[in-house]
Amino acid sequence: MGHWVTGVAVVSARAPDGRPCGLTASAVASLSLDPPLVLVCVERSSDTHGCIRAAGAFALNVLRADQEDIARRFAAADRADKYAGIAWRAERTGAPVLAAALAWLDCRLEATHEGGDHTIFIGEVLAGAGGEGMPLAHFRSSFARVAP
Ligand SMILES: Cc1cc2nc3c(=O)[nH]c(=O)nc-3n(C[C@H](O)[C@H](O)[C@H](O)COP(=O)(O)O)c2cc1C
């Protein structure tokens with residue numbers, strides 16, 4: 001699967017105490033147009049997994065080509081300061097949306113399916129938007145750029 005080129009997103013949610021949590025994810029896909037559904041595969045042992053389950057919601061934040069630092073930060077486990085210095089707002093579900101993301105989707109948790117050591121979280125898209133710019137990509141364990 002390392003040869004399967006992907007975009008890079010921060011999947012975010014709120015912990016029961018309101019704390020924003022999130023992780024870097026590439027296992028993201030569009031699932032359905034009507035209704036609008038997306039899916040993300042999240043490792044069960046991650047902090048964010050518990051946040052999504054508890055909140056019943058998550059947001060997908062598509063990262064820009066120049067946001068490799070954010071991707072690395074949100075890929076670090078046991079890091080309490082992932083959001084330090086990063087502007088975000090709570091969207092309709094309460095899930096954190098990063099102000100500088102290339103695009104975002106606010107999702108209500110619609111269904112979950114267990115898959116090995118990950119859970120497939122299926123979200124109904126309640127809102128979203130995208131801006132101008134190029135995305136961050138990931139290929140063979142390295143961050144990559146998409147040529148315009
Ligand atoms: C490029 C990249 C893609 C990743 N994709 C996923 C993914 O799709 N699902 C997942 O559970 N973890 C993925 N990870 C690993 C998580 O970001 C990592 O386990 C993180 O530390 C979990 O943070 P948390 O425990 O604070 O939730 C990816 C990491 C990188 C660098």
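This tour moves from the ligand to the pocket that holds it and then to a second pocket, in a model that is predicted.

**The ligand and its shell**

Begin by selecting the ligand together with the residues around it, of which there are 18, with Thr24, Cys41, Glu43, Thr48 and Lys82 coming nearest. If you colour this shell by residue class, you will find nine nonpolar, six polar and three charged residues.

Next, show the polar atoms and look at three places where the protein meets the ligand. At Lys82, select the side chain, where a polar atom lies 2.7 Å from an oxygen atom of the ligand. At Cys41, turn to the backbone instead, since a polar backbone atom there is 2.8 Å from a nitrogen atom of the ligand. At Ala75 it is again the backbone that should be displayed, with an N or O atom lying 2.9 Å from an oxygen atom of the ligand. With a surface switched on, keep in mind that the ligand on its own has 650 Å² of accessible area, and that the protein covers 82% of this.

**The largest pocket**

Keep the ligand in view, for it sits in the largest pocket. Now select strand E3 (20–25), strand E5 (37–43) and helix H1 (47–55), which are the elements that give two or more residues to the shell around the ligand.

Then widen the selection to the pocket itself, which holds about 1,000 Å³ of space and is lined by 42 residues. To find its centre, pick Leu23, Thr24, Ala25, Phe74 and Ala75, the lining residues that lie nearest to that point. The elements that give two or more residues to this lining are E3, E5 and H1, together with strand E4 (28–32), helix H2 (68–74) and strand E11 (136–139). Among these, E3 deserves a separate colour, as it gives the most to the lining, with six residues. By class, the lining of the largest pocket divides into 23 nonpolar, eleven polar and eight charged residues.

**The second largest pocket**

Finally, move to the second largest pocket, where about 200 Å³ of space lies. Its lining consists of 13 residues, and selecting Gly7, Ala9, Val28, Leu60 and Val62 will bring you to those that lie nearest its centre. Strand E1 (6–7), strand E6 (57–62) and strand E9 (103–115) are the elements that give two or more residues to this lining. Which classes of residue line the second largest pocket? Colouring the lining will show ten nonpolar and three polar residues, and no charged ones.

Methods. Residues numbered from 1 in each chain as written. Predicted model: local features only at pLDDT ≥ 70, side-chain atom pairs only at ≥ 80, totals over all residues. Heavy atoms only, no water. Near = heavy atom within 4 Å. Polar contact = N/O pair within 3.5 Å; in protein donor to acceptor, adjacent residues only side chain to side chain. Areas by Shrake-Rupley, 256 points an atom, 1.4 Å probe, with all protein chains shown as cover. 1 Å grid on protein atoms, 1.4 Å probe; cavity = no way out; pocket = protein on both sides within 12 Å on 5 of 7 lines; lining within 4 Å. Sits in = over half its atoms within 2 Å of the grid points. Helix = DSSP H or I, 4+ residues; strand = E, 2+ residues; numbered from the N terminus. Nonpolar A, V, L, I, M, F, W, Y, C, P; charged D, E, K, R; others polar. Points joined across faces, edges and corners; volume = space filled by probe spheres on them.
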